[in-house]
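Student: I have a structure open on my screen and would like to learn how to read it. Could you take me through it step by step?

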There are 2 protein chains.
Amino acid sequence: MSEEQHFNTLLQFFKVLGNESRLKILGLLANDERTVGELAALLELREPTVSHHLAAMKELGLIDVRVEGNNRVYWLKTQFLENLSRDIFSQTNLATLAANEAGDAWEDKVLRYYVVDGRLKDIPSKHKKRLVVLQWLCAQFEPGRRYHELELNERLRAYHPDCASLRRYMVEDRLMARDNANMYWRLV
Amino acid sequence: MSEEQHFNTLLQFFKVLGNESRLKILGLLANDERTVGELAALLELREPTVSHHLAAMKELGLIDVRVEGNNRVYWLKTQFLENLSRDIFSQTNLATLAANEAGDAWEDKVLRYYVVDGRLKDIPSKHKKRLVVLQWLCAQFEPGRRYHELELNERLRAYHPDCASLRRYMVEDRLMARDNANMYWRLV
DNA sequence: TCTCTATTTAGAAGATTATCTAAATAGAAG
DNA sequence: CTTCTATTTAGATAATCTTCTAAATAGAGA
């Protein structure tokens, strides 16, 4: 089962059981199989309402139905529950739930916000965000090449007027290094 | 924990996780603790929305929070999940979910429907319901006393015009017995 | 102290859901 | 064949939920 399918199965499962009437139905069917009419009387709901809930539970695979005369007898597929509880709640399976969301999404968002038309709208004051921006900035320079501070400032000014701060931050975060001759180069 | 509390905990649990955003948050926090802002960026939702979801998850006890400067770092209480999955899905626990609903509720409902102003609105054609009504009817007679068919009919007619059917059904279902002298008496 | 940042609270708009009544259906019973 | 019974389908209404914007709060940094 793909991660996305796993996510959706689980989501549907929680949605179906996250309802008072359906959770009661689950409890009733755990005790004994029941017809629609019996469930309606026990829950004090109308038959169409119960029928509607049963359809949702059946679609999920949680229950099944058997026809007896005019009655439809619904029963709990206990195997389904056992499988889910065993399978679902392990840490490793949980961790995959958000796979699509993780990764570079946040960094991308930060960059989209701060980099407008190839220039920095601002220097983020929060370190975590600033680091993202500085890493992007650093990547604009040639790896291995050495830049004199004057040239570096010139180039940084193309991104933001406060080139001195940018330069200092990049050194501070070990993205760039400098020697005694005021030469700078990329470390990452 | 009382049955009702158990039911409500479980219901809340399913409600909280039966939402796409919250289930994704669960997945993200299963990987790593996160601040509200990070979650908002990852999920592409506004901070207040995420904050709202986190509050629901925290109230349930599924996550907890730690303050770091201006940030609030949320993390998953994995213990909570493990306990739930182990505890909740056993057949015996499930069976107690509907305890409040079971019992006499259905019979009561049937009676409320058929008995109006102390008379029978109808004789149920479905055996299961008819039995409920007949048991109630039978209880209107003195236990131990013997009634002649004529007296019995007379009294039954006070409940429904078709006294003959009522009498036959009660014998058929072994609620009453009769002897060769057309005398009837309660069996239950 | 004053400002800035991350978060929460409040309140409103829009979507989804639960439930109902009325009508359709399919099978059972006469 | 007709009627009755249990259930489902359709459609409407009302409640609940999700999300948003705007404003309040509390702590950090300058």
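Tutor: Happy to! Let's start with one contact: a polar side-chain atom of Asn70(A) lies 3.4 Å from a base nitrogen of DNA strand C. Keep in mind that this is a predicted model.

Student: How do I read a distance like that, and which part of DNA strand C does Val36(B) approach?

Tutor: The general idea is that a pair of N or O atoms within 3.5 Å counts as a polar contact. In the case of Val36(B), a backbone N or O atom is 3.2 Å from a phosphate oxygen of DNA strand C. Asn71(B) uses a polar side-chain atom instead, which lies 3.0 Å from a sugar or linking oxygen of that strand.

Student: Which elements give two or more residues to the surface near DNA strand C?

Tutor: From chain A they are helix 2 (20-31) and helix 4, and from chain B helix 3 (36-43), helix 4 and strand 3 (71-76). Helix 4 of chain A has the largest share, with four residues.

Student: Which residues come nearest to DNA strand C?

Tutor: There are 24 residues around DNA strand C, and the nearest are Thr49(A), His53(A), Gly37(B), Ser51(B) and Tyr74(B). By class, this surface has five nonpolar, 13 polar and six charged residues. You can also look from the DNA side: of the atoms of DNA strand C within 4 Å of the protein, 79% belong to sugar or phosphate, and the rest to bases.

Student: Now the other strand, please. How many residues surround DNA strand D, and which are the closest?

Tutor: DNA strand D has 23 residues around it, with Gly37(A), Ser51(A), Tyr74(A), Thr49(B) and His53(B) the closest. By class, the surface near DNA strand D has five nonpolar, 13 polar and five charged residues. Sugar or phosphate accounts for 79% of the atoms of DNA strand D within 4 Å of the protein.

Student: What polar atoms of the protein lie by the phosphate oxygens of DNA strand D?

Tutor: Here are three cases to find on your screen. A backbone N or O atom of Val36(A) is 3.2 Å from a phosphate oxygen of DNA strand D. For Asn19(B), an N or O atom in the side chain is 2.7 Å from a phosphate oxygen of the strand. For Arg46(B), a polar backbone atom is 3.1 Å from a phosphate oxygen.

Student: And which helix gives the most to the surface near DNA strand D?

Tutor: That is helix 4 of chain B, with four residues. Among the elements that each supply at least two residues are helix 3 (36-43) and strand 3 (71-76) of chain A.

Student: Next, helix packing. How do I read the angle between helix 3 of chain A and helix 4 of chain A?

Tutor: The general idea is to compare the directions of the two axes: an angle of 65 to 115 degrees counts as roughly perpendicular. Helix 3 and helix 4 of chain A pack at about 110 degrees, with their axes 9 Å apart, so they are roughly perpendicular to each other. Their crossing is right-handed.

Student: Which residues meet there?

Tutor: Val36(A), Gly37(A), Leu39(A) and Ala40(A) of helix 3 meet Glu47(A), Val50(A), Ser51(A) and Leu54(A) of helix 4. By class, the contact has five nonpolar, two polar and one charged residues.

Student: At what angle do helix 1 and helix 4 of chain B pack?

Tutor: Helix 1 (residues 3-17) of chain B packs with helix 4 of chain B at about 155 degrees, the axes being 10 Å apart. Angles over 145 degrees count as roughly antiparallel, so helix 1 of chain B is roughly antiparallel to helix 4 of chain B. The crossing is left-handed. Thr9(B), Gln12(B), Phe13(B) and Val16(B) of helix 1 make the contact with Ala56(B), Met57(B) and Leu60(B) of helix 4. By class, those residues are five nonpolar, two polar and no charged.

Student: One last spot: where does Ile123(B) lie, and what is in contact with it?

Tutor: Ile123(B) is in the loop between strand 5 (119-120) and helix 8 (127-138) of chain B. Leaving aside neighbours within four places in sequence, Ile123(B) is in contact with Arg130(B), His160(B), Asp162(B), Ser165(B), Leu166(B) and Tyr169(B).

Conventions
Residues are numbered from 1 along each chain as its sequence is written. Chains are lettered from A and ligands numbered from 1 in the order in which they are written. This is a predicted model: local features need pLDDT of at least 70, side-chain atom pairs count only at pLDDT 80 or more; totals for chains, interfaces and linings use all residues. Side-chain values use heavy atoms; hydrogens and water are left out. A residue is near a molecule or strand if one of its heavy atoms lies within 4 Å of it. A polar contact is a pair of N or O atoms within 3.5 Å; within protein, one must be able to donate a hydrogen and the other to accept it, and residues adjacent in sequence count only if both atoms are side-chain atoms. Ala, Val, Leu, Ile, Met, Phe, Trp, Tyr, Cys and Pro count as nonpolar, Asp, Glu, Lys and Arg as charged, and the others, Gly among them, as polar. Axes are lines fitted to C-alpha atoms, for helices over the stretch in contact, and angles run from 0 to 180 degrees between N-to-C directions. Angles under 35 degrees count as roughly parallel, over 145 as roughly antiparallel, 65 to 115 as roughly perpendicular and the rest as oblique. A crossing is left-handed if the near helix is turned anticlockwise from the far one by less than a right angle, and right-handed if clockwise. Contact means heavy atoms within 4.5 Å.
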